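Hi,

Here is the structure I promised to send over. Have a look at it first, and then read on for what turned up.

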Amino acid sequence: MNSTPLILLIDDDEHFLGGFSQWLGGFLGGNVDVQTARNAGLALSRLRTITPDLVVIDLHMPIMDGQQLLKLLKTRFPN
């Protein structure tokens, strides 16, 4: 049984998240589950319950930027 690919978008710009997630879903023909998080804390919370196939991270976010989040993700989720 094939599962739908899961993409997690992380960006502090809500308009970008909404627009890009809609575009991505349309571009991929709706055959993808696109989830979003507005900051690193929300992303980490979501990652407790989901295992995305792809994570797209904004590098310029307040509090914890994308590079810091990526380092943390590599430590917590080495695979």
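Let's start with burial: of the 79 residues of the chain, 29% count as buried, where buried means under 20% relative accessible area, exposed over 50%, and partly exposed in between, using a 1.4 Å probe and protein chains only. Please keep in mind that this is a predicted model, in which local features need pLDDT of at least 70 and side-chain atom pairs count only at pLDDT 80 or more, while totals for chains, interfaces and linings use all residues. Residues are numbered from 1 along each chain as its sequence is written, and side-chain values use heavy atoms, with hydrogens and water left out.

On the overall fold: the chain has 3 helices and 3 strands, and from the N terminus on they run β-α-β-α-β-α. Helices (H or I, at least four residues) and strands (E, at least two) are DSSP runs, numbered from the N terminus. The chain has a radius of gyration of 13 Å, which agrees with the value near 12 Å for a compact globule of 79 residues; that radius is taken over C-alpha atoms, and the globule rule is 2.2 Å times the number of residues to the power 0.38. Along the principal axes, the C-alpha atoms fill a box of roughly 35 × 30 × 15 Å. Contact here means heavy atoms within 4.5 Å, and residues 24 or more positions apart make up 65% of the contacts with a separation of 6 or more.

Now the inside. The largest nonpolar core has 12 residues, among them Leu 6, Leu 8, Ile 10, Ile 50 and Met 61. Such a core is a set of buried Ala, Val, Leu, Ile, Met, Phe, Trp, Tyr and Cys residues joined through side-chain atoms within 4.5 Å. Strand S1 (6-10), helix H2 (40-46) and helix H3 (66-76) each give two or more residues to this core. There is also a second, separate core of 5 residues, including Leu 9, Leu 17, Leu 24 and Val 32.

Two residues to click on are Ile 50 and Val 34. Ile 50 is in the loop between H2 and S3 and counts as buried because its relative accessibility is 14%. Leaving out residues up to four places away in sequence, Ile 50 touches Leu 6 and Gln 35. Val 34 belongs to strand S2 (residues 33-37), and with the same neighbours left out, Val 34 touches Ile 7, Leu 9, Ser 21, Leu 24 and Gly 25.

Next, the largest pocket, with a volume of about 270 Å³. A pocket is an open set of points on a 1 Å grid over the protein atoms alone, where a 1.4 Å probe fits, with protein on both sides within 12 Å along at least five of seven lines; lining residues have an atom within 4 Å of a point. Grid points are joined across faces, edges and corners, and the volume is the space filled by probe spheres set on the points. Its lining includes Leu 47, Ile 50, Lys 74, Phe 77 and Asn 79. H3 gives the largest share of that lining, 3 residues.

One oddity to finish: Ile 63, in the loop between S3 and H3, has a phi near 70 degrees, a positive value in a residue other than glycine. Ile 63 is exposed, with a relative accessible area of 90%.

Cheers
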